[in-house]
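Take a moment to turn the model around before reading on. The paragraphs after it will walk you through its main features.

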Amino acid sequence: MRAEIIRRAKSGLLDDDELQLVITEQIEEDPSFWTGSGKSRTVINVEVNDGHVTLKGVVRSPVERRRADILARALGAAGVENLLRVTDDSSPDKRGKRVVA
């Protein structure tokens, strides 16, 4: 069943709700978006309108941002507007203090 839905998505045969569901599920199941600690959890919202996908939310790296874009296109999006923001883990308040012995 699942393989059939993905095949239909790639062929452009899904309506907007089905396409949104398939893209969201693929992103959630992709281990490259998982975090071990959950501290900087990847949050991606998928919206679909006439086959055009809008990605919103926060990711941990430019690689994750690009990967979400590629997944949406590979699953049949007519176009992708990637509004994902990359978290800035290098800011002083997030780095923590280093102790030098």
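What follows is a short tour, from confidence to core to charged pairs.

This is a predicted model, in which local features need pLDDT of at least 70 and side-chain atom pairs count only at pLDDT 80 or more, while totals for chains, interfaces and linings use all residues. Residues are numbered from 1 along each chain as its sequence is written, and side-chain values use heavy atoms, with hydrogens and water left out.

Let us begin with confidence. The protein chain has a mean pLDDT (the predictor's confidence in each residue, from 0 to 100) of 81, and 72% of its residues reach 70 or more. Over residues 91-99 the pLDDT is below 50, and this stretch has four contacts (heavy atoms within 4.5 Å) in the model beyond near neighbours in sequence. Where pLDDT is low, the predicted coordinates should not be read in detail.

Now look inside. The largest nonpolar core (buried Ala, Val, Leu, Ile, Met, Phe, Trp, Tyr and Cys residues joined through side-chain atoms within 4.5 Å) has 20 residues, and I23, I27, I44, V46, V53, L55 and A68 have the most contacts inside it. At least two residues of this core come from each of helix 2 (16-29), strand 1 (43-49), strand 2 (52-59), helix 3 (62-74) and strand 3 (79-86). Helices (H or I, at least four residues) and strands (E, at least two) are DSSP runs, numbered from the N terminus. Helix 2 gives the largest share of the core, four residues. Leaving aside residues up to four places away in sequence, I27 touches F33, I44, V46, A68 and L71.

Charged residues come next. A search of the whole structure finds five salt bridges (a side-chain nitrogen of Lys or Arg within 4 Å of a carboxyl oxygen of Asp or Glu). One of them joins R67 to D30, with the closest N and O atoms 2.7 Å apart. R67 lies in helix 3 and D30 in the loop between helix 2 and strand 1, so this pair ties together parts that are 37 residues apart in sequence. D30 counts as buried because its relative accessibility is 8% (buried means under 20% relative accessible area, exposed over 50%, partly exposed in between, with a 1.4 Å probe and protein chains only). R67, at 37%, counts as partly exposed.

Finally, find D69 in helix 3. D69 is buried, at 5% relative accessibility, and meets R73 in a salt bridge of 2.5 Å, N to O. The two residues R73 and D69 are four residues apart in helix 3, about one turn of the helix. A network of salt bridges links R66, D69 and R73.
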